[in-house]
Amino acid sequence: MDCLFCKIINGDIPSNKVYEDDMILAFHDISPMAPVHVLVIPKQHITNVDDVNGENSKYVAHIFEKIPEIAKTAGADNGYRVITNCGEDGCQSVMHLHFHVLGGKKLPEKMA
């Protein structure tokens with residue numbers, strides 16, 4: 001599989017890790033859109049939200065259980081935003097489910 005995030009998980013491509021356990025990996029985005037911009041990904045390849053199901057949803061649940069700790073560790077002490085993109089119209093650039101954790105400053109209310 002030629003998946004960028006799978007290569008990061010396997011250690012083929014380096015990342016600036018914030019958190020890792022047996023199910024998920026969190027690392028700093030290489031093109032941050034806020035002072036804190038961390039990507040949180042499941043270690044099992046799931047293409048996007050459309051592919052979450054009863055067999056793999058435990059990875060998504062675990063991600064959301066760990067996001068508060070990850071955000072605080074990364075420096076988002078006063079709140080943060082969690083975003084995921086799904087498919088072409090949703091501007092998903094890497095076809096591996098991932099959640100952007102953005103914070104470290106007051107974020108704008110409007111996305112566009």
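A salt bridge, as I use the term here, is a side-chain nitrogen of Lys or Arg within 4 Å of a carboxyl oxygen of Asp or Glu.

**Entry 1. Starting point.** I note that the model is a predicted one. I began with the charged side chains and then turned to the pockets.

**Entry 2. The salt-bridge network.** I asked which residues are linked in a network of salt bridges. I found Lys 17, Glu 20 and Lys 43 to be linked in this way. Within this group I looked up the pair Lys 17 and Glu 20, whose side chains meet with an N to O distance of 2.8 Å. I then checked how far these two residues are accessible. Lys 17 has a relative accessible area of 46% and is partly exposed. Glu 20, at 37% relative accessibility, is also partly exposed.

**Entry 3. Total and further pairs.** By the same rule I obtained a count of 4 salt bridges. One of them joins the side chains of Asp 2 and Lys 7, at 2.7 Å from N to O. I asked whether Asp 2 is buried or exposed. Its relative accessibility is 68%, so I recorded Asp 2 as exposed. For its partner, Lys 7, I noted a relative accessible area of 28%, which means that Lys 7 is partly exposed.

**Entry 4. A pair within a helix.** I next examined Glu 69 and Lys 66, whose side chains form a salt bridge at 3.5 Å, N to O. I asked where these two residues lie. Both belong to helix α2, which spans residues 57-74. They are 3 residues apart, about one turn of the helix. I recorded Glu 69 as partly exposed because its relative accessible area is 38%.

**Entry 5. The largest pocket.** I looked up the volume of the largest pocket and found about 620 Å³. Its lining comprises 30 residues, of which Asp 29, Ser 31, Met 33, His 37 and His 100 are the closest to the centre.

**Entry 6. Elements in the lining.** I asked which elements each supply at least two residues of this lining. They are helix α1 (4-9) and the strands β2 (24-28), β3 (36-42), β4 (80-83) and β5 (99-103). The largest share comes from α1, with 3 residues.

**Entry 7. Composition of the lining.** Finally, I sorted the lining residues of the largest pocket by class. I recorded 17 as nonpolar, 9 as polar and 4 as charged.

Terms used:
Residues are numbered from 1 along each chain as its sequence is written. This is a predicted model: local features need pLDDT of at least 70, side-chain atom pairs count only at pLDDT 80 or more; totals for chains, interfaces and linings use all residues. Side-chain values use heavy atoms; hydrogens and water are left out. Buried means under 20% relative accessible area, exposed over 50%, partly exposed in between (1.4 Å probe, protein chains only). Helices (H or I, at least four residues) and strands (E, at least two) are DSSP runs, numbered from the N terminus. On a 1 Å grid over the protein atoms alone, a cavity is a set of points where a 1.4 Å probe fits but cannot get out, and a pocket is an open set with protein on both sides within 12 Å along at least five of seven lines; lining residues have an atom within 4 Å of a point. Grid points are joined across faces, edges and corners, and a volume is the space filled by probe spheres set on the points. Ala, Val, Leu, Ile, Met, Phe, Trp, Tyr, Cys and Pro count as nonpolar, Asp, Glu, Lys and Arg as charged, and the others, Gly among them, as polar.
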